[in-house]
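Hi,

Here is the structure I said I would pass on. Have a look at it first, and my notes on what I found follow below.

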Amino acid sequence: MSELKLPGHVEEWLQDQKAKGSILNIWTCQGCGNRILCYHADAGVTPFMMTCDECGDTAQSCFYNIKQPTYVWFRPKTTEELMAISKEEYENSNREVKKNVTVNDVYQENLEHFNEGGVFRKAVGK
Ligand SMILES: [Zn+2]
C-alpha cells in the first residue's frame with residue numbers, strides 16, 4: 001500500500017481523533033451476531049459485556065483486538081485531491097491494467113464515482 005499523504009481535511013480529522021485518544025472497539029452479540037462498533041471520545045474503562053441493541057442478548061468485547069483504524073472513507077475536497085487519488089490508484093495497479101488504462105482514464109472513472117456521491121478509501125496508520 002502506498003504511503004502517500006492523506007488529503008488535508010482527512011489528516012486533520014485523524015490527528016484530532018488521535019489527540020483525543022479516540023479508538024474503536026467492537027462488541028459481538030453471542031445471540032444474533034450483531035456487531036456493535038463503539039468509538040471512544042475519551043480514553044477510559046469500558047465493559048467486557050453489554051446488552052445487544054438488536055436482540056437483548058449479551059455482546060462481548062473483542063478487547064480492542066482490531067487494527068486501529070485501518071482505513072478511512074472520505075470525499076476529496078478538490079480536483080487536485082481527486083487527481084492525487086487517481087495517480088496513486090494507477091501507480092498501485094498491475095502492469096496488465098496499465099497496458100489498457102491511463103491515469104486520465106482512472107481519473108475520469110473516479111470523477112464519475114465522485115459525481116454519483118462516491119467516497120474513496122485510504123489506508124491510515126497501523
Ligand atoms: Zn443480538
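Val101 is partly exposed, because 14 other C-beta atoms lie within 10 Å, and a buried residue would need 20 or more. You'll find Val101 in the loop between α3 (95-100) and α4. Val101 also gives a feel for distances here: Val101 and Gly44 are 57 residues apart in sequence, and their C-alpha atoms sit 49 Å apart in space. Please keep in mind that this is a predicted model.

Stepping back to the whole chain, the protein has four helices and six strands. Along the sequence they come in the pattern α-β-β-β-β-β-α-α-α-β. Is the protein a compact globule, or more spread out than one? The radius of gyration is 19 Å, well over the 14 Å that the globule rule gives for 126 residues, so the protein is more spread out than a compact globule. Along the principal axes, the C-alpha atoms fill a box of roughly 50 × 30 × 25 Å. Buried residues account for 10% of the 126 residues. As for contacts between residues at least 6 apart in sequence, 60% of them join residues at least 24 apart.

The domain assignment splits the protein into domain 1 (8-69) and domain 2 (72-123). The centres of domain 1 and domain 2, taken over C-alpha atoms, are separated by 30 Å. How many residues of domain 1 are in contact with domain 2? Four residues of domain 1 do this, and they meet four residues of domain 2.

Now for the open sheet. Four strands build it, in the order β2-β1-β4-β3, and the pairing is antiparallel. At the edges are β2 (35-39) and β3 (49-51), each of which pairs on one side only. From one strand to the next, the twist averages 30°. In case it helps, strands of a sheet pair through backbone hydrogen bonds, either parallel or antiparallel.

Strand β4 (residues 58-61) is a good place to look at the pairing in detail. Three bridges join β3 to β4, and the two strands run antiparallel. Within that pairing, Met49 has Gln60 as its bridge partner, and Thr51 has Thr58. The hairpin of β3 and β4 has six residues between the strands, and Gly56 takes a positive phi near 85° there. Strand β1 (residues 24-29) is also joined to β4 by three bridges, again antiparallel. Here the bridge partner of Thr28 in β4 is Gln60.

Gln60 turns up in both pairings, as partner of Met49 and of Thr28, and I'd suggest clicking on it. Which residues is Gln60 in contact with, leaving aside its neighbours within four places in sequence? They are Trp27, Thr28, Gln30, Phe48 and Met49. Even so, Gln60 counts as partly exposed, with 15 other C-beta atoms within 10 Å. Gln60 and Cys32 are 28 residues apart in sequence, with 12 Å between their C-alpha atoms.

On to another pair of strands. Strand β5 (residues 71-74) is joined to β6 by four bridges, and the two run antiparallel. Trp73 stands opposite Arg121 in β6. Strand β6 (residues 120-123) has two unlike faces: Phe120 and Lys122 are on the covered one, while Arg121 and Ala123 are on the uncovered one. As background, in a regular strand the side chains alternate between the two faces of the sheet.

Between β5 and α2 (79-92) there is a loop, and Thr78 lies in it. Is Thr78 buried or exposed? Thr78 counts as exposed, because it has 11 C-beta neighbours inside 10 Å, and the limit for exposed is 12 or fewer. Thr78 and Lys98 are 20 residues apart in sequence and 25 Å apart in space, C-alpha to C-alpha.

Last stop, helix α4 (residues 103-115). At 1.5 Å a residue, its 13 residues should span 18 Å, and the end C-alpha atoms are indeed 18 Å apart, so the two agree. Just after α4 comes Gly117, with a positive phi of about 90°.

That's what I have for now. Happy browsing!

Terms used: Residues are numbered from 1 along each chain as its sequence is written. This is a predicted model: local features need pLDDT of at least 70, side-chain atom pairs count only at pLDDT 80 or more; totals for chains, interfaces and linings use all residues. The radius of gyration is taken over C-alpha atoms; the globule rule is 2.2 Å times the number of residues to the power 0.38. Two residues are in contact if their C-beta atoms, placed from the backbone, lie within 7 Å. Two strands pair if DSSP finds at least two bridges between them. Axes are lines fitted to C-alpha atoms, for helices over the stretch in contact, and angles run from 0 to 180 degrees between N-to-C directions. The expected span of a helix is 1.5 Å times one less than its number of residues. Domain bounds come from an automatic or database domain assignment.
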